[in-house]
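Take a look at the model below. The paragraphs after it walk through the chains, the contact and the core.

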Amino acid sequence: MTNLLEAPAAPLEKVRAPRSWRALLGLVPFALYLLVFLGGPLYFVISGALSDPSGQPTLENLVATVTQPQYLAAFWSSLEISLVTAVIGAVFGAFLAQAVLTSRPTSPLRRVVSTASGVLAYFGGVPLAFAFIAALGQTGLATIALRGAGIDLYAAGFRIDSLTGLGLTYVYFQIPLMVILIGPALEGLQPQWREAAENLGASAWAYWRHVALPVLAPALAGATLVLFGNAFAAYATALALTSGTIPLVPTAIASALSGNVLANQQNVGLALGFDMVIVIGVVMVAYLALQRRASRWAPK
Amino acid sequence: MGAQVRGRRWRVVVLGLAAVYFVVPLLSSLEFSLRKPGGGYGVANYLAIATDPVLLEALTVSLEIAVITAVLVLVLVVPTAVWVRLRLPSVAGLLETATILPIVVPPVVMAAGIAFVQANLNTPLFNALFSSPISALTPFYVVLAVPFAYRAVDNGLAAVPLRTLVEAARNLGAGLPTALLRVVLPAIRSAVLGSAFLTLALVLGEVVIARILLYTNTFPVAVVVVGQSQAGVSVALTLASLVLTWLLLLLVSFAGGRRRVS
């Protein structure tokens, strides 16, 4: 429909070189804004991480973050919860996205899931923490219902403000983010590929195993990485759910910043932030590499 | 035939599991927020916002931040997305990656950097910036809102014959700003409204930066503080803001869909 309405892709760009510097000028406001208001804070985190309170350069803060046991514990639980919830969120999110995409494009189900995904993925934080306390807290509705059915979560050692409880809450915003991220890749699977596979006698399983999954693999892996970064960065949920009882890197940063303990705590807090930036940097580099592979199959 | 039935069966399982996982916590919130201290149910927690001056003031501040943020985000994102589609399709992938950045850059790290500036750089410019939550928080909320706004606007642009619209407008004598404002913007209004409402949701939910920078008179921080003494009120307020945002988005989605069908 829209293809018919669209004017033929103008040769315009081919005449004027598409990468001409004048065209790039149009990106300056956007790039400059991100540079100042995203790059600015990151700059001060990095420079503060590498200096002592008087401003002299030092590596002591960074060394402290990778040697002191409380920070190491924070890193391990942050990495653990991010990894586990990224994988769970990616698997269920991919299935949910596929289930929704195989419905009619105008079905209410699609609208409900896509709008709800946006709200839950980006807005998660505090409301989700409260919702899970209401559901699975000591007197939560689900806790009581399960107890009625003979399953006593709290007798079995479950607590909503534990790492498991926090992970369960994280999945609630990881799945919607996966639905948003993987949707375009799933839509990019050409029906002809399935038809060709079926004509060659492939079962549905063989089609997924030998055609669809290999094509989707880079996109799936890339989205999982973003989910990992998202969970690693998340703090609002933990803040509202546990008020700081679970050692996570963001919790450690926040308490170092409120710094009523030691004089140079603020710089250690910034050093922890620097460590987080490095982890995120590695994730982004891997994501970029995967993105390049994923675009190989993108329909043109 | 057999494959088709099996296909439907796994969809029902997936959708059923998702429905249970996603609906139960929301229903529990609703039930919890309606509980009355002495037992029984009532809507008192939802009315608390009207009688609590602290919450009311915080909500006003956050709504002001939300409106300014939404406008700034659109001013930044719409022309850039249009420009990339028309003149720089080769950098579309790069830009999409750039918009992933604010999702993965931890708000707590941004807050740490800003807190450092707030504490250590005492120039008139920074002092003016940090004097009110509106001027201090808005610029950074714009950064946080850019990823989904860019995605939503770009999807909206993909669904309209952008090049035709812009060229027609320019042939009729419109400059690029006029074409953007009077032709492109109305054509993608559901995407624009969608990103504005998501921005609203973000501002009403962002607690980390506001709390670390000690702007306690913003809605999300005030809600968390209230939650320590009156859990019911904060559950009611967060649930109401979540559901209201979602309903607004759903409304926009249906309105946009109906227009396209007709």
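What follows goes from the separate chains to the parts that join them.

This is a predicted model, and confidence comes before geometry here. Chain A has an average pLDDT of 81. In that chain, 88% of the residues score at least 70. The elements of chain A differ in mean pLDDT: α6(A) has the highest, 90, and helix α2 (residues 12-15) of chain A has the lowest, 44. Residues 10-16 of chain A stay under 50 throughout. For that stretch the model has 2 contacts beyond four places in sequence. Where pLDDT is low, predicted coordinates should not be read in detail.

Next, the make-up of each chain. Chain A holds 15 helices and 0 strands. Of its 300 residues, 41% are buried. Take the contacts in chain A between residues at least 6 apart in sequence: 77% of them join residues at least 24 apart.

Chain B has 13 helices and 0 strands. Buried residues account for 45% of its 262 residues. In chain B, too, contacts between residues at least 6 apart in sequence can be sorted by separation, and 77% join residues at least 24 apart. The C-alpha trace of chain B spans about 70 × 70 × 30 Å along its principal axes.

How is chain B divided? Its domain 1 covers 1-42, and its domain 2 covers 51-261. The centres of these two domains of chain B, taken over C-alpha atoms, are 29 Å apart. Where they touch, 5 residues of domain 1 of chain B meet 4 residues of domain 2 of chain B. The domain 1 side of that contact has 2 nonpolar, 2 polar and 1 charged residues.

Now turn to the contact between the chains. Chain A brings 72 residues to it, and chain B brings 73. On the chain A side, helix α4 (residues 28-49) of chain A supplies the largest share, 12 residues. By class, that side of chain A comprises 53 nonpolar, 16 polar and 3 charged residues.

One helix of chain A shows how both chains can cover an element. Helix α14 (residues 249-257) of chain A has 8 of its 9 residues buried. Among them are A:V249, A:P250, A:T251 and A:I253. A:A254 and A:L257 are also in the buried set. What covers these buried residues? From chain A, the cover includes α6 (69-101), α13 (236-242) and α15 (265-294). From chain B, it includes α5 (107-120) and α11 (208-212).

B:A112 gives a residue-level view of the cross-chain packing. B:A112 touches A:I253 and A:L257, both of which are among the buried residues of α14(A). Its contacts also include A:V45, A:G269, A:L270 and A:G273.

The same residue leads into the core. B:A112 is one of the residues with the most contacts inside the largest nonpolar core, which has 167 residues. Others so listed are A:M178 and A:I182 from chain A, along with B:A111, B:F140, B:V153 and B:I209 from chain B. Which helix gives the most to this core? Helix α7 (residues 133-158) of chain B does, with 15 residues. The core also draws at least three residues from each of domain 1 (1-42) and domain 2 (51-261) of chain B.

Methods. Residues are numbered from 1 along each chain as its sequence is written. Chains are lettered from A and ligands numbered from 1 in the order in which they are written. This is a predicted model: local features need pLDDT of at least 70, side-chain atom pairs count only at pLDDT 80 or more; totals for chains, interfaces and linings use all residues. Two residues are in contact if their C-beta atoms, placed from the backbone, lie within 7 Å. Helices (H or I, at least four residues) and strands (E, at least two) are DSSP runs, numbered from the N terminus. Ala, Val, Leu, Ile, Met, Phe, Trp, Tyr, Cys and Pro count as nonpolar, Asp, Glu, Lys and Arg as charged, and the others, Gly among them, as polar. A residue is buried if 20 or more other C-beta atoms lie within 10 Å of its own, exposed if 12 or fewer, and partly exposed in between; C-beta atoms are placed from the backbone. pLDDT is the predictor's confidence in each residue, from 0 to 100. Domain bounds come from an automatic or database domain assignment. A nonpolar core is a set of buried Ala, Val, Leu, Ile, Met, Phe, Trp, Tyr and Cys residues joined through C-beta atoms within 7 Å.
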